[in-house]
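This report considers one pocket and several unusual backbone positions. The structure is shown first, and the discussion follows.

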Amino acid sequence: MLRILLVEDEENIRDTVKLNLEMEDFEVVTAEDGRQALKHSQEQHFDVMIVDVMLPEVNGFQVVEQIRLTDRETPIIFLTAKDQAQDRIQGLKKGADDYLTKPFVFEELLLRVRRLIERTSKNPEVQPDLVSFGNNKVNFATYEATGNQGIFTLTKKEAMLLKLLIDRKGEVVSRQQILQSVWGYDVYPSTRTIDNFILSFRKYFEADPKHPKHFLSVRGVGYKFVD
C-alpha cells in the first residue's frame with residue numbers, strides 16, 4: 001500500500017482528503033503543523049507528501065526546504081490558498097514537484113498524486129547526488145567528498161549545510177536561515193557554530209583558505225557559495 005503524508009492545519013480539509021485518499025487504497029499519515037510534518041518525514045517513508053503552505057509553527061515552504069536537504073526524491077505537492085505567480089515559483093524553488101490552489105476538486109488532487117507516483121516508479125534507480133566545483137567533488141548520497149585532503153567523509157550536518165549553500169548558489173544565505181534549515185526549529189546552536197563549519201569548508205575545499213573563492217562571508221548577514 002502506497003503511503004502519503006498529508007500536512008494540513010484545517011481539520012475539515014484534512015479529514016476529507018484523508019478519507020478520500022483512503023478510499024482509493026492509500027495509507028495516509030496526517031500532520032496538523034510543520035513540526036509534526038518534519039518529525040514524520042524524518043521517521044517514516046512516504047511515497048508522496050501533500051503539504052499546505054500556511055501552517056502553524058513552521059510554514060510549508062520551510063518544511064519542504066528542510067526535507068529537501070536530505071530527501072531529494074519523494075514527490076511533494078503544495079496545497080495553498082495563494083495563487084500568485086511568485087508564490088508558485090517560490091514553492092517550486094523550495095523543491096515541490098507540483099502546486100494545487102485551494103479550493104480544489106479531489107479528483108484533480110488524486111490525478112496529480114497518481115501522476116507523480118507513476119513518474120517516480122518509472123525511475124526507480126536513484127543516481128547519487130554528485131556535485132563538482134573547482135577541483136572538488138561531493139557525493140551527497142554517501143557524504144563522501146574529494147578536496148584538499150584527498151577523499152574524506154562529511155558529517156551529516158556538514159553535508160546538510162554544504163547542500164543548502166550549493167542549492168542556493170550565488171545567493172546570500174543568512175545565519176538565521178541556516179540555523180532553521182539545518183538545525184531545525186527547536187534548539188539552535190550559536191551562530192559561531194556556523195562560522196566554524198564555514199572555516200572547515202574552506203580548509204576542505206579552498207585552494208587558499210585565507211582567500212576563499214567558493215565560500216564567501218557577507219558581513220553582518222551570512223554566507224554565499226560561488227562555484
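Helices (H or I, at least four residues) and strands (E, at least two) are DSSP runs, numbered from the N terminus. The model described here is predicted.

**Backbone geometry**

Most residues other than glycine have a negative phi, and most peptide bonds are trans. The peptide bond from K102 to P103 is cis, and its omega is near -10°. P103 is placed in the loop between β5 (98–101) and α5 (106–121).

Positive phi values occur in D25, near 75°, and in E57, at about 70°; neither D25 nor E57 is a glycine. D25 belongs to the loop that runs between α1 (11–23) and β2 (27–31), while E57 is found in the loop between β3 (48–52) and α3 (60–67). Because exposed means over 50% relative accessible area, D25 counts as exposed at 57%, and E57 does as well at 55%.

| Residue | Phi | Relative accessible area |
|---|---|---|
| D25 | near 75° | 57% |
| E57 | about 70° | 55% |

**The second largest pocket**

The second largest pocket holds about 300 Å³ of space. Two elements, α4 (85–94) and α6 (156–167), each give two or more residues to its lining. That lining comprises 13 residues, and E65, K93, K94, D167 and R168 lie nearest the centre of the pocket. By class, nine residues of the lining are charged, two are polar and two are nonpolar.

Technical notes: Residues are numbered from 1 along each chain as its sequence is written. This is a predicted model: local features need pLDDT of at least 70, side-chain atom pairs count only at pLDDT 80 or more; totals for chains, interfaces and linings use all residues. Side-chain values use heavy atoms; hydrogens and water are left out. On a 1 Å grid over the protein atoms alone, a cavity is a set of points where a 1.4 Å probe fits but cannot get out, and a pocket is an open set with protein on both sides within 12 Å along at least five of seven lines; lining residues have an atom within 4 Å of a point. Grid points are joined across faces, edges and corners, and a volume is the space filled by probe spheres set on the points. Ala, Val, Leu, Ile, Met, Phe, Trp, Tyr, Cys and Pro count as nonpolar, Asp, Glu, Lys and Arg as charged, and the others, Gly among them, as polar. Buried means under 20% relative accessible area, exposed over 50%, partly exposed in between (1.4 Å probe, protein chains only).
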